[in-house]
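Thanks for coming. I will go through one structure, starting with how far to trust it and then moving through its parts.

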Amino acid sequence: MGTTVVGFRLGWDRKGRQATVVLTQAGVLHHGSGLLGMSPRPARPQAPAAPDPHPVPRQAATLRRVYAGLVHQGYGRELIPPVCVRLDTDERPLHPRPWGEHAPRAHPELIAEFTGAAPSGPGTLDDALTAFYAAIGLTPRTRTTTAPPPPGPAAVPPAVRRALGALAEGRTLASRPGRGTGWSVTGAGVRLHAGPGGEDLTHREVAELQAALTAWLRHQRGPGTGAGAR
């Protein structure tokens, strides 16, 4: 009958080591490690927690963590990129209470066949798991990302809100009079006024200018304003 698996092999060139991880359709994680170019030494497989009505998705999440952990540790080269493979080797039946004396035994033949059957070429863990789910008749869990909502009025500083209101009413924002160096902001654009020799703005003047510019940028994104506003 055979079995369908998903797995990968990563290498750590500086240490001359490799690690192979294979997840079967029964939800058993098989691990093998050793020197580069040598047959991996199988470790005790990791069986799903029992009772578990959804062992494969939970073990797939573990597979992701193992992959990330190995890469973080130094196994940065994909000797066998993540891939879903159909093997001729039959998976050993899993005991209803797969722990203690009933824990699954190492299965070097399964790891060896995966190594020989895995195609060469690039692949991602997401794509491999999607193919694995489809092959064993499961619906993959979709990863949804929700974009953060745009900042509401409460997130806008009061000085910016006041400046934005002034621009919406068609008024001009300007630096305090009596300085050679200054600025003015209207809905049409921003203009700087340089003094004869240039002057430094005070902390308060910088804060006022920042609020005016922030309000102007928000004003340009408002309805009825075009990209060509000057």
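Confidence first

Within the protein chain, confidence is highest in strand β2, at a mean pLDDT of 96, and lowest in helix α5, residues 203-220, at a mean of 77. This is a predicted model, so keep those values in mind. For the protein chain the mean pLDDT is 81, and 81% of the residues reach 70 or more. Two stretches need caution. Residues 144-154 have a pLDDT below 50, and beyond near neighbours in sequence this stretch has two contacts in the model. Residues 223-230 are also below 50, with eight contacts counted in that way.

Now the sheet. It is open, has five strands with antiparallel pairing, and runs in the order β4-β3-β2-β1-β5. At the edges stand β4, residues 41-42, and β5, residues 77-87; each has a single partner strand, so one side of each has no neighbour in the sheet.

What about β2, residues 17-24: how many of its eight residues are buried? Seven are, so the strand is largely enclosed by the rest of the structure. On one side, β2 is joined to β1, residues 3-12, by eight bridges, and the two run antiparallel. Here Arg9 stands opposite Thr20 of β2. The two strands form a hairpin with four residues between them, and Gly16 in the turn has a positive phi of about 65°.

β2 also pairs antiparallel with β3, residues 29-35, through seven bridges. Gln18 is opposite Gly34 of β3, and Ala19 has Ser33 as its bridge partner. This hairpin too has four residues between its strands, with Gly27 at a positive phi near 90°.

One residue of the edge strand β5 is worth a stop: Leu79. Leu79 has a relative accessibility of 29%, above the 20% limit for buried and below the 50% for exposed, so it counts as partly exposed. Leaving out residues up to four places away in sequence, Leu79 touches Arg9, Leu10, Gly11, Gln18 and Leu36. Between Leu79 and Ser120 there are 8.9 Å from C-alpha to C-alpha, with the two 41 residues apart in sequence.

On to helix α4, residues 158-168. Which of its residues are buried? Val160, Ala163, Ala166 and Leu167 are. Looking down the axis, the buried residues of α4 fall within an arc of 125°, so they line one face of the helix. For background, an α-helix has 3.6 residues a turn, so residues three or four places apart point the same way. Arg162 and Ala168, on the other side of α4, are exposed. Just after the helix, Gly170 has a positive phi of about 85°.

Last, the aromatic rings. The count is three aromatic pairs. In one of them, Phe8 and Tyr67, the ring centres are 4.9 Å apart and the planes are at 90°, so the pair is edge-to-face. Phe8 belongs to strand β1 and Tyr67 to helix α1, residues 55-73; with their positions 59 residues apart, the pair links distant parts of the chain. Phe8 and Tyr67 are both buried.

Phe132 and Tyr133 also pair, with centres 6.4 Å apart and planes at 40°, so this pair is tilted. Phe132 is buried at 0% relative accessible area, and Tyr133 is buried at 7%.

That is the tour; I will take questions now.

Notes:
Residues numbered from 1 in each chain as written. Predicted model: local features only at pLDDT ≥ 70, side-chain atom pairs only at ≥ 80, totals over all residues. Heavy atoms only, no water. Buried < 20%, exposed > 50% of the residue type's maximum accessible area, 1.4 Å probe, protein only. Pairing = 2+ DSSP bridges. Arc of directions from axis to C-beta. pLDDT = per-residue confidence, 0-100. Contact = heavy atoms within 4.5 Å. Phe/Tyr/Trp six-rings, centres within 6.5 Å; stacked < 30°, edge-to-face > 60°.
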